[in-house]
There are 2 protein chains.
Amino acid sequence: MTTASPGGPRWLTDEEQSVWRAYLHATTLMEDHLDRQLQRDAGMPHVYYGLLVNLSQAPRRRKRMTDLAKDAKITRSRLSHAVARLEKNGWVRREDCPSDKRGQNAVLTDEGYDMLARSAPGHVEAVRQAMFARLSPQQVQSLGEIMQVIATGLQPEDMDADLPWLR
Amino acid sequence: MTTASPGGPRWLTDEEQSVWRAYLHATTLMEDHLDRQLQRDAGMPHVYYGLLVNLSQAPRRRKRMTDLAKDAKITRSRLSHAVARLEKNGWVRREDCPSDKRGQNAVLTDEGYDMLARSAPGHVEAVRQAMFARLSPQQVQSLGEIMQVIATGLQPEDMDADLPWLR
DNA sequence: TCTATCTAGTTAAACTTTCAAGAAAAGGTC
DNA sequence: GACCTTTTCTTGAAAGTTTAACTAGATAGA
């Protein structure tokens with residue numbers, strides 16, 4: 001089943017199929033693992049934690065909703081719901097954007113920052129044990145390059161810039 | 001910030017942080033991409049599609065619920081909901097297990113099989129374009145090894161078998 | 001047998017995500 | 001300015017997931 005009939009659908013080689021299965025397997029286990037770890041230790045899913053981390057690294061610990069959504073690779077709708085939830089927890093608050101009356105800033109509160117400071121070490125340790133402790137330096141480097149290539153290929157933004165046939 | 005103070009929390013090196021960001025970025029983009037592709041072309045999310053594929057490869061195109069859940073790495077509860085939905089679509093049906101009166105088999109119907117046959121080429125093509133078309137043979141091999149290592153490390157089952165210090 | 005325990009699968013409720021629709025402000029064009 | 005389009009963000013409903021509780025049947029031990 002490795003070679004496709006000419007004109008028919010092209011299937012993956014046996015090696016590609018095996019790599020694809022390993023990829024799906026590993027990524028779902030990883031996401032489950034981190035979701036549980038953070039739900040247990042920080043009371044929120046991984047995506048929400050990522051939002052707080054993102055805010056914590058932004059200037060003045062705040063960011064426009066649209067920018068945050070873009071950086072975190074989620075829809076604005078999803079972000080609206082997420083921020084509403086995090087606001088209830090007291091970890092984020094909204095403030096009006098001075099320059100654009102449509103705009104909102106999501107702001108990481110002190111409580112949010114403290115929570116992050118408390119749970120970060122455990123989360124980093126979980127990531128290390130699940131990934132970096134098991135890979136050689138060469139593998140780490142290789143993984144970085146591979147993920148970079150895949151991400152670049154899937155970037156939705158500014159497709160035009162790479163589509164000469166549309167110019 | 002690369003080196004940690006002894007006794008304090010160990011952080012990731014700059015390279016590890018960058019690799020981790022690339023990993024998160026690429027895997028979320030990939031999952032979003034495939035979810036949309038399959039929602040559009042097959043009318044279901046990626047996980048549900050994976051269940052049908054799994055059934056299609058099982059002997060007699062059927063599998064015990066618990067086994068299917070284990071193989072697909074999802075909870076039994078999630079599978080119950082998923083099968084209920086796929087049953088409504090006519091792609092799967094349940095049948096009582098003859099040997100164990102508690103048991104249920106999930107069975108891929110002919111309609112389900114046809115649907116799979118129709119949508120598989122497009123899905124394979126999406127996977128190829130997103131991943132294999134962009135990686136060198138060395139990178140594909142490397143990715144396979146890396147994902148294998150990560151998955152093995154996160155395997156929940158039979159941890160005892162690999163824990164000499166518990167013996 | 002009788003009983004306790006475990007396993008298979010489902011269900012209800014709470015929560016998260018997606019999708020489509022909509023309000024409000026900004027930007028451009030005449 | 002008037003008009004049209006775009007951008008920003010929110011909302012409500014539908015779909016999917018999680019957690020804990022629950023039923024029914026299997027299993028093992030006294």
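Colleague: Which residues are the closest to DNA strand D, and how many surround it?

Modeller: This is a predicted model. A residue is near a strand if one of its heavy atoms lies within 4 Å of it. Here 20 residues surround DNA strand D, and the closest are T66(A), S80(A), R94(A), R102(A) and R78(B).

Colleague: How much of the approach to DNA strand D is to sugar and phosphate?

Modeller: Of the atoms of DNA strand D that come within 4 Å of the protein, sugar and phosphate account for 63%. Individual polar contacts can be listed as well. An N or O atom in the side chain of R64(A) is 2.9 Å from a phosphate oxygen of DNA strand D. From chain B, the side chain of Y48(B) places an N or O atom 3.1 Å from a phosphate oxygen of this strand, and a polar backbone atom of K101(B) is 3.3 Å from a phosphate oxygen.

Colleague: Which helices supply at least two residues each to the surface near DNA strand D, and what classes of residue does that surface have?

Modeller: The helices are α3 (65-72) and α4 of chain A, together with α4 of chain B. By class, the surface has three nonpolar, eight polar and nine charged residues.

Colleague: Which residues are the closest to DNA strand C?

Modeller: They are R78(A), T66(B), S80(B), R94(B) and R102(B), out of 19 residues that surround DNA strand C. Sugar and phosphate make up 69% of the atoms of DNA strand C that come within 4 Å of the protein. The surface near this strand divides into two nonpolar, eight polar and nine charged residues. Its helices with at least two residues each are α4 (76-88) of chain A and α3 (65-72) and α4 (76-88) of chain B.

Colleague: Which atoms of DNA strand C do Y48(A), S77(B) and Q104(B) approach?

Modeller: Y48(A) has a polar side-chain atom 3.1 Å from a phosphate oxygen. For Q104(B), a polar backbone atom is 2.9 Å from a phosphate oxygen. S77(B) has a polar side-chain atom 3.0 Å from a base oxygen.

Colleague: Away from the DNA, what does the largest nonpolar core consist of?

Modeller: Such a core is a set of buried residues joined through side-chain atoms within 4.5 Å. The largest one has 46 residues, and those with the most contacts inside it are M30, M131 and M147 of chain A and M30, M131 and M147 of chain B. In each of chains A and B, α1 (14-42), α5 (110-130) and α6 (137-154) each supply at least two residues of this core.

Colleague: What is M30(A) in contact with, beyond its neighbours within four places in sequence?

Modeller: In chain A, M30(A) is in contact with A130(A) and M131(A); in chain B, with W20(B), Y23(B), I150(B) and L154(B).

Terms used:
Residues are numbered from 1 along each chain as its sequence is written. Chains are lettered from A and ligands numbered from 1 in the order in which they are written. This is a predicted model: local features need pLDDT of at least 70, side-chain atom pairs count only at pLDDT 80 or more; totals for chains, interfaces and linings use all residues. Side-chain values use heavy atoms; hydrogens and water are left out. Buried means under 20% relative accessible area, exposed over 50%, partly exposed in between (1.4 Å probe, protein chains only). Helices (H or I, at least four residues) and strands (E, at least two) are DSSP runs, numbered from the N terminus. Contact means heavy atoms within 4.5 Å. A polar contact is a pair of N or O atoms within 3.5 Å; within protein, one must be able to donate a hydrogen and the other to accept it, and residues adjacent in sequence count only if both atoms are side-chain atoms. Ala, Val, Leu, Ile, Met, Phe, Trp, Tyr, Cys and Pro count as nonpolar, Asp, Glu, Lys and Arg as charged, and the others, Gly among them, as polar.
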